[in-house]
Amino acid sequence: MTSSRTFEITKEDEYPSDYVVLDFETNGLNPKDCDIIQMAAIRYRNDIKVSRFVSFVNATVIPPKVTELTSITVEDCQSAPTLDDLLPQLLDFIGEDVIVAHNASFDLGFLIESMKRLNLSGQTFIYVDTLRLARQKIKGVKWYKLPILKKYLKLEYTSHLAEDDCYVCHEVYKYCRGLTTDSKEFSTIINDKFEILELNNSTLIDEQELNLLIDQAKHYEDEGHRDDAIDLYEQCISYPCMNEEPYDRLILLYRKKREKENEIRVLELAIQLFQSNDKYQLRLHKILSK
């Protein structure tokens with residue numbers, strides 16, 4: 001079996017605008033002894049997001065410190081696909097694209113070691129390390145971990161979840177190349193069954209569009225793509241939406257993600273809109289009384 005090889009792009013005139021941003025969450029630091037528990041890969045063309053590959057990975061051991069850091073639990077991973085199902089799909093998704101990653105040696109170390117475990121043929125991976133880029137281009141910070149760079153760039157993403165870390169890594173990559181950063185990405189995502197609508201918040205949403213967004217969000221929940229579902233439900237409630245379902249789903253999803261502030265935000269909005277239903281007031285009181 002051939003060994004995998006890696007080559008780093010370090011010259012600015014060679015930095016690609018087409019690439020895949022990669023990030024893993026793991027249950028430890030040593031790729032020989034530890035496992036990937038969540039993987040995310042986001043494909044960009046001309047620096048615009050066009051597709052994604054995100055999944056928890058089946059695991060039976062997640063140390064409490066890892067759960068505390070990432071919010072990922074054994075329950076999240078117990079029913080997830082196994083590594084031998086997911087890794088070939090991930091490699092096919094990456095294809096021949098350049099990989100962009102933060103502290104790329106960590107992610108590539110887990111990728112290559114996982115390929116060895118499954119006796120997969122070695123490949124050549126070309127990559128850009130945004131950690132190296134940030135150290136060269138960003139001044140005024142003492143450390144260059146993604147959570148710190150996220151605050152520096154004023155980005156609104158959760159830290160230590162694979163998909164959100166991909167988005168932060170992407171914004172760091174753009175910033176280091178002199179491109180404008182965004183607080184959130186609203187690129188159109190296309191998958192096998194649905195094309196997500198990009199809606200203008202200055203217009204009213206009609207019932208048909210609302211139902212389509214809700215159906216798409218439910219589909220993402222069924223597929224295990226929690227953050228995509230949240231994005232769509234958030235689009236629903238950003239309009240004058242009098243359907244309780246998006247609020248109910250967001251409250252539950254944020255509770256699962258342990259994002260208390262977001263859960264409270266949605267509850268307070270629902271209380272204003274649905275005054276005849278006291279379930280939101282009761283839930284908010286329960287949270288605030290803890």
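Let me start with one residue, Met39, which is buried, with a relative accessible area of 0%. Met39 is found in strand E3. Keep in mind that this is a predicted model.

What does Met39 touch, leaving out residues up to four places away in sequence? Its contacts are Asp23, Phe24, Phe53, Val54, Ser55, Val57, Leu83, Leu86, Leu90 and Ala162. There is also a distance to look at: Met39 and Phe56 are 17 residues apart along the chain, and their C-alpha atoms are separated by 6.4 Å.

Now step back to the whole chain. The secondary structure comes to twelve helices and six strands. The chain has 290 residues, and 49% of them count as buried. If you take the contacts with a separation of 6 or more, 61% of them are between residues 24 or more positions apart.

Next, the sheet. Strands of a sheet pair through backbone hydrogen bonds, either parallel or antiparallel. Here we have an open sheet of six strands in the order E1-E6-E5-E2-E3-E4, and the pairing is mixed. E1, residues 5–8, and E4 are the edge strands, each pairing on one side only. On average, neighbouring strands of this sheet are turned by 30° against each other, direction ignored.

Start from the E1 side. E1 and E6, which covers residues 124–129, run parallel and are joined by four bridges. Within that pair, Thr6 stands opposite Phe125 in E6. Helix H5, residues 130–137, packs on the sheet and touches E1, E5 and E6. The direction of H5 makes about 25° with that of E6.

Moving along, E2 and E5 pair in the parallel sense over two bridges. Val20 has Ile99 as its bridge partner in E5.

Is E2 itself enclosed or open? Eight of its eight residues are buried, so E2 is largely enclosed by the rest of the structure. Tyr19, Val21, Asp23 and Glu25 point one way from E2, while Val20, Leu22, Phe24 and Thr26 point the other way. Note that Asp23 and Glu25 are in that list, and all of the residues in it are buried.

On to E3, where Met39 sits. E2, residues 19–26, runs antiparallel to E3, with eight bridges joining them. Two of the partners in E3 are Ile42 for Val21 and Gln38 for Glu25. E3 spans residues 36–45 and is mostly covered, with nine of its ten residues buried.

On the other side, E3 pairs with E4, residues 48–56, in the antiparallel sense over eight bridges. Ile42 appears again here, standing opposite Arg52 in E4. What links E3 and E4? They form a hairpin with two residues between them, and Asn46 in the turn has a positive phi of about 55°.

Now the nonpolar cores. The largest has 30 residues, and Val128 and Val172 have the most contacts inside it. E2, E3, H5, helix H6 (146–152) and helix H7 (162–176) each supply at least two residues of this core. Which element gives the most to this core? That is H7, with eight residues.

Val172 touches Thr130, Ala134, Leu146, Leu149 and Leu153, again not counting residues up to four places away in sequence. Another core, of 26 residues, lies apart from the largest one, and among its members are Leu22, Phe24, Ile36 and Ala41.

One more buried residue, a charged one this time. Glu113 is in helix H4, residues 104–117. Why does Glu113 count as buried? Because its relative accessibility is 14%, and the cut-off for buried is under 20%. Glu113 touches Pro31 and Lys32, with residues up to four places away in sequence not counted.

Last, a pair of helices. Two packed helices are described by the angle between their axes and the distance between the axes. For H11, residues 260–273, and H12, residues 279–288, the axes come within 9 Å and cross at roughly 150°. The crossing is left-handed. Among the residues that meet there are Ile264, Leu267 and Ile271 in H11, and Tyr280, Leu284 and Ile287 in H12. The residues of this contact divide into eight nonpolar, one polar and four charged.

That is the end of the tour.

Technical notes
Residues are numbered from 1 along each chain as its sequence is written. This is a predicted model: local features need pLDDT of at least 70, side-chain atom pairs count only at pLDDT 80 or more; totals for chains, interfaces and linings use all residues. Side-chain values use heavy atoms; hydrogens and water are left out. Buried means under 20% relative accessible area, exposed over 50%, partly exposed in between (1.4 Å probe, protein chains only). Two strands pair if DSSP finds at least two bridges between them. Axes are lines fitted to C-alpha atoms, for helices over the stretch in contact, and angles run from 0 to 180 degrees between N-to-C directions. Contact means heavy atoms within 4.5 Å. A nonpolar core is a set of buried Ala, Val, Leu, Ile, Met, Phe, Trp, Tyr and Cys residues joined through side-chain atoms within 4.5 Å. A crossing is left-handed if the near helix is turned anticlockwise from the far one by less than a right angle, and right-handed if clockwise. Ala, Val, Leu, Ile, Met, Phe, Trp, Tyr, Cys and Pro count as nonpolar, Asp, Glu, Lys and Arg as charged, and the others, Gly among them, as polar.
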